[in-house]
Amino acid sequence: MPVVELSYSRLQKLIGKASKKQISESLPFLGLDIESEDKDLVRIEYSPNRPDYSTDFGIALGMQGLLGLKTGAIKLNIKKSKQYAISVKSDVAKIRPFVTGIVAKNGKIDDKIIKQLMAMQEDLHFGIGRKRKKSSIGIHDLDKIVFPLTYKTTDRNHKFIPLNSEKELSISQILETTDVGKDYGNLLANSKKMPLIVDANQYTVSFPPIINAAVTTVTTKTKNLFVEVTGINKADAEDMLSVVATILQSAGFSLESVQISGSQNSSPKLEPKKMKVNPILVNQILGLNLNPAKIISSLKKSRLDAIKKGKEIECTIPAYRFDIFGPMDLVEEVALGYGIQNLEPQLSPSQTIGQTNSISQNLKSLSNIMVGLGYLEALNSSLTSKRVLYEMANREDSQTISVQDSKSQEHTILRDSILPGLLENLSRNIHESYPQKLFETGSVFSLENPITEKTNLSCVSVHKDANFTEIKSVLNSLLKIGTGKEIETVAEEHSVFEKGHSATIKFENKKIGIIGEINEKIKENYKIRDPVIGFEISLSDSILKSF
């Protein structure tokens, strides 16, 4: 969790009529954790989904609402201006297609503000920006820039003096020799063309998402700011801009619009959104009996606007509150505005004694048998990748169940088999001594309507003498100990196993899985030299209940 260091005395000035004690006692009820206190300084841990809390201005806005000093939504007052414009060239479309921006004028900047702005910038990069991949931000001294600007591409030989440097460097040199270039250069892959923002005199303003030009560095002498955000998603870029705009307005700057034109781009609106919540839901979740007027006042204390419309309450949510997705988020805002400290815990009306689920007990018995047979239990995620589940394991991917908008490149699909994950485990331990014997029980998923979930058991073993007879005897021993019955194997080819060394497993005349010796292609994929054997079976209720 990110941490920001603040001054109590500074917070008092920003909030208004609030003592140090009031602030200290109220911070946790704003959803903030106090990590440490040292006289006037306090270190606060905040949630990454509230980047506005990365500065004392943002925390002051929230605290004013909580204490009832200023309530309702913060409205952005952006003066429309034709003086500032960015023209977007079509050649950036395949690299980093979107840009947006805003101008902030007539503010006072000291070292503390600079420090907090830079901290907020990096927190935005890490959170919304996904380490600058989705979006990145640049904050510049407006008076050092001549408008209109152009967002275009250039080659790697283009030179300028980057931030915190006195020497002119080419883009190639920046990517190869600077820390920031090494850290984020991979975002531009091996593209020959690089994104660049230049001013009317063709001086470099920014090389996104890597570094700004030194000429636009913000100092304590800076009075006017230009903020630009580039990214691969327009909504994410504007979300990032809305946070910065809100904080700068709170810091005393007046905002002016920047006209954006060109390929796929348009000027940012930063408008609030509307969302409705039912008072019945609020009271049901919080265990309260609040009337609509009290719910509305609680929402206003959370710096939202709200009015009663029919049987529901319509909320107006500022652009920077993109962490609010649905009615349940609004229920949380009501709880914060009402006061977490005012919620009285109640015992459940029904008293029950918990006990272990019978299926869990059966799986534990099965696991104990596998451990007794010399196997080590593994635990892999049900979310995996196409590489592990299909490509490396030589399996067809026609029945893929993909996760929508996954935040990870390695966890994008639900597994339909456990065996590939165990082979991946073996590949990560090729430097360890053999034999290595692993098993796992867990959920697998099938693409049906609806998607079905069942429990499987898979097992692998690798050593120089591993063969089909060994793995069959392991499975036979497991089921004989657990159920008192033996398995039957019927020779049949499977893509994971060697031809002539694989079979379908039958139990009580029903197909329950596959077994065999892992084929050479898969072993080569994973750089495993010794023979590998394995099986995977479906653990039906009738099998599990026997353990």
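The following exercises, each with a worked solution, concern a predicted model.

**Exercise 1. The sheet of three strands**

Task: Determine the strand order of the open sheet of three strands, and state which strands stand at its edges.

Solution.
1. The order in this open sheet is E17-E19-E18, and the pairing is antiparallel.
2. Strand E17 (273-277) and strand E18 (305-309) each have a single partner strand, so both stand at the edges, and one side of each has no neighbour in the sheet.
3. From one strand to the next, the twist averages 25°.
4. E18 and strand E19 (residues 312-317) run antiparallel and are joined by five bridges.
5. Within this pairing, Lys309 has Glu312 of E19 as its bridge partner.

**Exercise 2. Helices on the sheet**

Task: Identify which strands helix H9 and helix H10 touch where they pack on this sheet, and give the angle stated for each helix.

Solution.
1. Helix H9 (residues 292-301) touches E18 and E19 as it packs on the sheet.
2. The direction of H9 makes about 160° with that of E18.
3. Helix H10 (residues 327-338) also packs on the sheet, where it touches E17 and E19.
4. Between the direction of H10 and that of E17 the angle is about 80°.

**Exercise 3. The largest cavity**

Task: State how many cavities of 30 Å³ or more the structure holds, and describe the lining of the largest cavity.

Solution.
1. Two cavities of 30 Å³ or more are present.
2. The largest cavity contains about 130 Å³ of space.
3. Its lining consists of 16 residues; nearest the centre lie Leu30, Arg50, Tyr53, Gly62 and Ser302.
4. Helix H3 (56-66) and H10 are the elements that give two or more residues to this lining.
5. With four residues, H3 gives the most to the lining of the largest cavity.
6. H10 thus appears twice in these exercises: it packs on the sheet of three strands, and it helps to line the largest cavity.

**Exercise 4. Backbone geometry**

Task: Locate the cis peptide bonds that precede Pro209 and Pro450, and the positive phi values of Leu270 and Glu508.

Solution.
1. As background, most residues other than glycine have a negative phi, and most peptide bonds are trans.
2. Pro208 and Pro209 are joined by a cis peptide bond with an omega of about 0°. Pro209 belongs to the loop between strand E12 (204-207) and strand E13 (211-212).
3. Asn449 and Pro450 are likewise joined by a cis peptide bond, with an omega of about 5°. The loop between strand E24 (436-446) and strand E25 (452-462) contains Pro450.
4. Leu270, a residue other than glycine, has a positive phi near 50°. Leu270 is placed in the loop between strand E16 (259-262) and E17, the latter being an edge strand of the sheet in Exercise 1.
5. Glu508 is not a glycine either, yet its phi is positive, at about 55°. The loop that holds Glu508 runs between strand E27 (497-507) and strand E28 (510-518).

**Exercise 5. Buried or partly exposed?**

Task: Classify Leu270, Glu508, Cys315 and Cys459 by relative accessible area, and give the count of disulfides.

Solution.
1. Buried means under 20% relative accessible area, and partly exposed lies between that value and 50%.
2. Leu270 has 10% relative accessibility and therefore counts as buried.
3. Glu508 has a relative accessible area of 42%, so it is partly exposed.
4. Cys315 has a relative accessible area of 0% and is buried. Cys459 is buried too, with a value of 0%.
5. A disulfide requires a pair of cysteine sulfur atoms within 2.5 Å. By this rule the structure has zero disulfides.

How values were computed:
Residues are numbered from 1 along each chain as its sequence is written. This is a predicted model: local features need pLDDT of at least 70, side-chain atom pairs count only at pLDDT 80 or more; totals for chains, interfaces and linings use all residues. Side-chain values use heavy atoms; hydrogens and water are left out. Buried means under 20% relative accessible area, exposed over 50%, partly exposed in between (1.4 Å probe, protein chains only). Two strands pair if DSSP finds at least two bridges between them. Axes are lines fitted to C-alpha atoms, for helices over the stretch in contact, and angles run from 0 to 180 degrees between N-to-C directions. Contact means heavy atoms within 4.5 Å. On a 1 Å grid over the protein atoms alone, a cavity is a set of points where a 1.4 Å probe fits but cannot get out, and a pocket is an open set with protein on both sides within 12 Å along at least five of seven lines; lining residues have an atom within 4 Å of a point. Grid points are joined across faces, edges and corners, and a volume is the space filled by probe spheres set on the points.
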